[in-house]
Amino acid sequence: MKKLILIIILLILALVGWYISTGYFSSGERAGTISKLSERGYIFKTNEGVLNEGGYSGETGTLTPRYWDFSAKEDSVVAKLKTALSSGERVTLVYHEKFVKFPWNGDTKYFIIDVLFLPKRVEPVVPAEVIPAPITTPTDTASTI
């Protein structure tokens, strides 16, 4: 009976540990431009980045940058982040906030799961207005003399 209770307790602890390490309690989106992306770590290589959200300071009345640190694991997401960094485009980052920060996962609790690029605005091409040449009728100089 004691072994069964011990096995049940260990199983519950293992499930709680698994949920804490893989689950998340918050998700959201943040928009801005990627200002830094790097691979870090001695043993566990992780991709770390910084999003410049921009911002307006109500106290000083000036534009004050706000920076947000994030981590990324998936190769497809890292490729999108590199594209956004090199192009300088404004992007929206979709993220999950984990319960606990583990060193093998990254330096932050915020993990990027997708990068959304804003659709490129296409300016309509308006053809230039063609002004017709003035119509001149030939005048008969013989009849006017």
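**Salt bridges, strand pairing and the setting of threonine 108**

Arginine 40 is a good place to start: its relative accessibility is 43%, so this residue counts as partly exposed. The model described here is a predicted one. Within it, arginine 40 makes a salt bridge with aspartate 107, and the closest N and O atoms lie 3.4 Å apart. This pair links distant parts of the chain, since arginine 40 belongs to strand E1 while aspartate 107 sits in the loop between E4 and E5, 67 residues apart. Aspartate 107 has a relative accessible area of 37% and is therefore partly exposed as well.

The loop that holds aspartate 107 also holds threonine 108, placed between strand E4 (90-98) and strand E5 (110-117). Is threonine 108 buried or exposed? Its relative accessibility is 12%, and because the cut-off for burial is under 20%, threonine 108 counts as buried. The side chain of threonine 108 takes part in a polar contact of 2.9 Å with the side chain of serine 71. That same threonine 108 side chain also reaches the backbone oxygen of tyrosine 110, at 3.1 Å. Leaving aside residues up to four places away in sequence, threonine 108 touches Glu48, Asp69, Phe70, Ser71 and Lys101.

Strand pairing gives the wider frame for these details. Strand E1 (residues 24-40) pairs with E4 in the antiparallel sense, over 9 bridges, and in this pairing glycine 32 of E1 stands opposite valine 91 in E4. E1 also pairs with strand E2 (residues 46-52), again in the antiparallel sense, this time over 7 bridges. Here threonine 33 stands opposite asparagine 52 in E2. In a regular strand, side chains alternate between the two faces of the sheet. The hairpin of E1 and E2 has 5 residues between the strands, and in that hairpin glycine 41 adopts a positive phi near 115°.

How many salt bridges does a search of the whole structure find? The search returns 5. Side chains of opposite charge can pair when their charged atoms come close. One of the salt bridges brings together the side chains of arginine 30 and glutamate 53, with an N to O distance of 3.5 Å. Arginine 30 lies in strand E1 and glutamate 53 in the loop between E2 and strand E3 (67-72), so this pair ties together parts of the chain that are 23 residues apart in sequence. The two partners fall into separate accessibility classes: arginine 30 is partly exposed, with a relative accessible area of 24%, whereas glutamate 53 is buried, at 19%.

Another salt bridge is formed by lysine 80 and aspartate 114, whose closest N and O atoms are 2.9 Å apart. Lysine 80 lies in helix H2 (residues 75-87) and aspartate 114 in strand E5, so the pair ties together parts that are 34 residues apart in sequence. Lysine 80 counts as partly exposed at 34% relative accessibility, and aspartate 114 is likewise partly exposed, with a relative accessible area of 23%. Finally, salt bridges that share partners join Arg30, Glu53 and Arg66 into one network.

Notes
Residues are numbered from 1 along each chain as its sequence is written. This is a predicted model: local features need pLDDT of at least 70, side-chain atom pairs count only at pLDDT 80 or more; totals for chains, interfaces and linings use all residues. Side-chain values use heavy atoms; hydrogens and water are left out. Helices (H or I, at least four residues) and strands (E, at least two) are DSSP runs, numbered from the N terminus. Buried means under 20% relative accessible area, exposed over 50%, partly exposed in between (1.4 Å probe, protein chains only). A polar contact is a pair of N or O atoms within 3.5 Å; within protein, one must be able to donate a hydrogen and the other to accept it, and residues adjacent in sequence count only if both atoms are side-chain atoms. Contact means heavy atoms within 4.5 Å. Two strands pair if DSSP finds at least two bridges between them. A salt bridge is a side-chain nitrogen of Lys or Arg within 4 Å of a carboxyl oxygen of Asp or Glu.
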